[in-house]
Amino acid sequence: MFQIRHERSGDVLAREHLLDLCFGAARRLKTSERLREGRLPAEGLAFTAEYNGHVCGTVRLWHVEAGFRRPALLLGPLAVDPEIQGHGLGATLMSHALTRATILGHGAVLLVGDAPYYARFGFTPELVAGLSMPGPFERERFLGLNLRPGGLDGTQGIVRATGAWGDADAPFPAFGDAGAASRRRVA
């Protein structure tokens with residue numbers, strides 16, 4: 001049986017391996033990743049799925065501003081080990097994360113992902129029609145969800161990262177990464 005729990009610092013290497021397995025190294029070049037880079041996930045909104053002591057799924061949400069002064073969350077990445085995909089773990093992780101975000105009082109969630117998959121959770125492109133990402137993105141994959149009425153209504157502008165800074169995701173903190181540090185300074 002799968003266990004969904006809050007992410008722990010000891011999950012970093014396994015999570016990064018899982019993300020590389022699911023999305024490849026090119027995942028680090030995506031605009032969504034630029035918004036997350038160097039930031040901490042929103043408090044209480046980083047989850048790990050575990051099976052028999054092994055990390056097999058992950059989902060995290062991040063603080064962003066959806067246009068001018070409109071707080072929202074950016075979801076991603078959501079990943080499930082390819083060997084166990086198709087058994088509902090991704091949907092369970094999504095539901096868990098969205099429920100927790102709602103309980104914590106957040107108003108809206110943005111993501112870039114497969115529209116047919118995320119539509120079942122209520123995500124639509126119409127809610128983000130007035131928004132843009134701060135770099136290249138596929139418009140048809142840019143989706144939004146209101147967690148409370150009006151969360152994204154009338155939003156316009158560019159999505160901007162607003163979460164707390166931290167190096168919680170550095171898989172090898174002892175070695176450092178001057179390139180990542182440089183990218184964080186200019187982001």
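Start by selecting Thr58, which sits in strand β3 of this predicted model. Is Thr58 buried or exposed? Because its relative accessible area is 1%, under the 20% cut-off, Thr58 counts as buried.

Now show what surrounds Thr58. Leaving aside neighbours within four places in sequence, the residues in contact with Thr58 include Glu7, Arg15, Leu18 and Leu19. Add Phe47, Pro77, Leu78, Ala79 and Leu93 to the selection, and you have the rest of that list.

Next, color the whole of β3, residues 54-66, together with strand β9, residues 157-161. These two strands run antiparallel, and 3 bridges join them. For one of the pairings, pick Glu65: which residue is its bridge partner in β9? The partner is Arg160. While you look along the strands, keep in mind that side chains in a regular strand alternate between the two faces of the sheet.

Stay with β9 and add strand β7, residues 131-132. Here the direction is parallel, and 2 bridges link β7 to β9. Select Leu131 and you will find Gly157 of β9 standing opposite.

Time for the pocket. How much space lies in the largest pocket? About 800 Å³. To find its centre, select Phe23, Val112, Gly113, Tyr118 and Arg141, the closest to that centre among the 35 residues of the lining.

You can then color the elements that build the lining. At least two residues each come from α1 (12-23), α2 (31-36), β5 (79-80), α3 (89-103), β6 (108-112) and α4 (115-119). Which of them supplies the largest share? That is α2, with 4 residues. If you color the lining by class, you will see 18 nonpolar, 9 polar and 8 charged residues.

Finally, zoom out and view the whole protein chain as a cartoon. You can count 5 helices and 9 strands. Following the chain from the N terminus, the elements run β-α-α-β-β-β-β-α-β-α-β-β-β-α.

Switch to a surface view for the last stop. The accessible surface of the protein chain comes to about 9,800 Å², and 56% of this belongs to carbon and sulfur atoms. Of the 187 residues, 43% count as buried, and Thr58, where you began, is buried too. As for contacts between residues at least 6 apart in sequence, 69% join residues at least 24 apart.

How values were computed
Residues numbered from 1 in each chain as written. Predicted model: local features only at pLDDT ≥ 70, side-chain atom pairs only at ≥ 80, totals over all residues. Heavy atoms only, no water. Pairing = 2+ DSSP bridges. Buried < 20%, exposed > 50% of the residue type's maximum accessible area, 1.4 Å probe, protein only. Contact = heavy atoms within 4.5 Å. Areas by Shrake-Rupley, 256 points an atom, 1.4 Å probe, with all protein chains shown as cover. 1 Å grid on protein atoms, 1.4 Å probe; cavity = no way out; pocket = protein on both sides within 12 Å on 5 of 7 lines; lining within 4 Å. Points joined across faces, edges and corners; volume = space filled by probe spheres on them. Nonpolar A, V, L, I, M, F, W, Y, C, P; charged D, E, K, R; others polar.
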